[in-house]
Amino acid sequence: DSFGNVGIGTTTPAARLDVAGTIAQDSPIARFSFGGTWNDEMRIVPGGANGTDPSLRLYRTTGVGLNYNPYEMKLVAGGSLQFNTGSSAAKGSESYTTNTMTLSAAGNVGIGTTTPAAKLSVETGTSGDGIYLKSTSSAINHSFRLINDTGVYTSMFTVRSGGGSDAGKFFLQTNSGTTAMV
């Protein structure tokens with residue numbers, strides 16, 4: 001049009017690229033290939049596997065034949081944004097079997113769950129998984145603090161990592177200074 005907009009399926013494009021019309025379920029409306037025919041690519045798909053959830057799909061070559069590791073960012077009913085991964089497969093035959101993270105419409109973040117119940121919900125079904133916090137400091141104490149709405153910490157969990165008899169011990173402390181060693 002006279003504004004430089006391009007329309008596919010429309011004579012009155014409302015954006016730089018405006019694609020309108022019926023598109024087959026799970027078929028991309030846009031595909032961007034990086035490095036040639038069988039290398040990494042990104043697809044914009046108007047409907048996921050159930051035909052209703054729009055997604056952005058990324059394909060990363062595995063280096064083995066024509067297989068790819070698929071990644072998907074999908075907007076689902078209710079307004080949640082899900083980040084999913086799948087197993088190595090040929091493009092078009094992939095399935096997104098693992099939800100890695102969800103951002104709910106309420107602003108909650110879920111890792112390992114599609115229904116986060118708090119600002120941060122972490123769920124795991126594997127022994128040894130969970131939360132891993134690493135400090136790059138050589139400080140003697142490493143703390144995790146619970147802070148109330150006024151900015152004052154109410155409880156603190158500390159692991160002493162320096163030398164001495166307290167090294168490697170776990171402490172619970174309230175903001176009044178009460179401490180219990182575990």
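This is a short talk on one protein model, its strands and a few of its residues.

The model is predicted, so a few conventions come before the structure: local features need pLDDT of at least 70, side-chain atom pairs count only at pLDDT 80 or more, and totals for chains, interfaces and linings use all residues. Residues are numbered from 1 along each chain as its sequence is written, and side-chain values use heavy atoms, with hydrogens and water left out.

Start with the whole chain. The protein has 15 strands and zero helices; both are DSSP runs numbered from the N terminus, helices being H or I of at least four residues and strands E of at least two. Of its 182 residues, 21% are buried, where buried means under 20% relative accessible area, exposed over 50% and partly exposed in between, with a 1.4 Å probe and protein chains only. About 11,900 Å² is exposed, and 57% of that comes from carbon and sulfur atoms; accessible areas are from the Shrake-Rupley method with a 1.4 Å probe, and for residues only the protein chains shown count as cover. A contact is heavy atoms within 4.5 Å. Among contacts with a separation of 6 or more, residues 24 or more positions apart account for 11%.

Next, strand S9. Strand S7, residues 81–85, runs antiparallel to S9 and is joined to S9 by five bridges; two strands pair if DSSP finds at least two bridges between them. Phe-83 stands opposite Met-101 of S9. S9 also pairs with S10, again antiparallel, over two bridges, and there Thr-102 has Gly-110 in S10 as its bridge partner. The hairpin of S9 and S10 has five residues between the strands, and Gly-107 in this hairpin takes a positive phi near 90°.

Within S9, which spans residues 98–103, I will look at Asn-99. Is Asn-99 buried or exposed? Asn-99 counts as buried because its relative accessibility is 18%. Asn-99 touches Gln-82, Phe-83 and Asn-84, and also Gly-112, Thr-113 and Thr-114, leaving out residues up to four places away in sequence. Its side chain makes a polar contact of 3.1 Å with the side chain of Asn-84. A polar contact is a pair of N or O atoms within 3.5 Å; within protein, one must be able to donate a hydrogen and the other to accept it, and residues adjacent in sequence count only if both atoms are side-chain atoms. Another polar contact, at 3.2 Å, links the side chains of Asn-99 and Thr-102. From Asn-99 to Thr-85 the C-alpha distance is 6.5 Å, with their positions 14 residues apart in sequence.

A second asparagine, Asn-108, sits in the loop between S9 and strand S10, residues 109–111. Asn-108 counts as buried because its relative accessibility is 12%. A polar atom of the Asn-108 side chain is 3.4 Å from the backbone oxygen of Pro-116. Beyond four places in sequence, Asn-108 touches residues including Thr-102, Leu-103, Ala-117 and Lys-119.

Now a different strand. Ser-55 is in strand S5, residues 55–61. Ser-55 counts as buried because its relative accessibility is 6%. Setting aside neighbours within four places in sequence, Ser-55 contacts Arg-43, Ile-44 and Val-45, as well as Glu-72, Met-73 and Lys-74.

Last, Ile-8, which is found in strand S1. Ile-8 counts as partly exposed because its relative accessibility is 47%.
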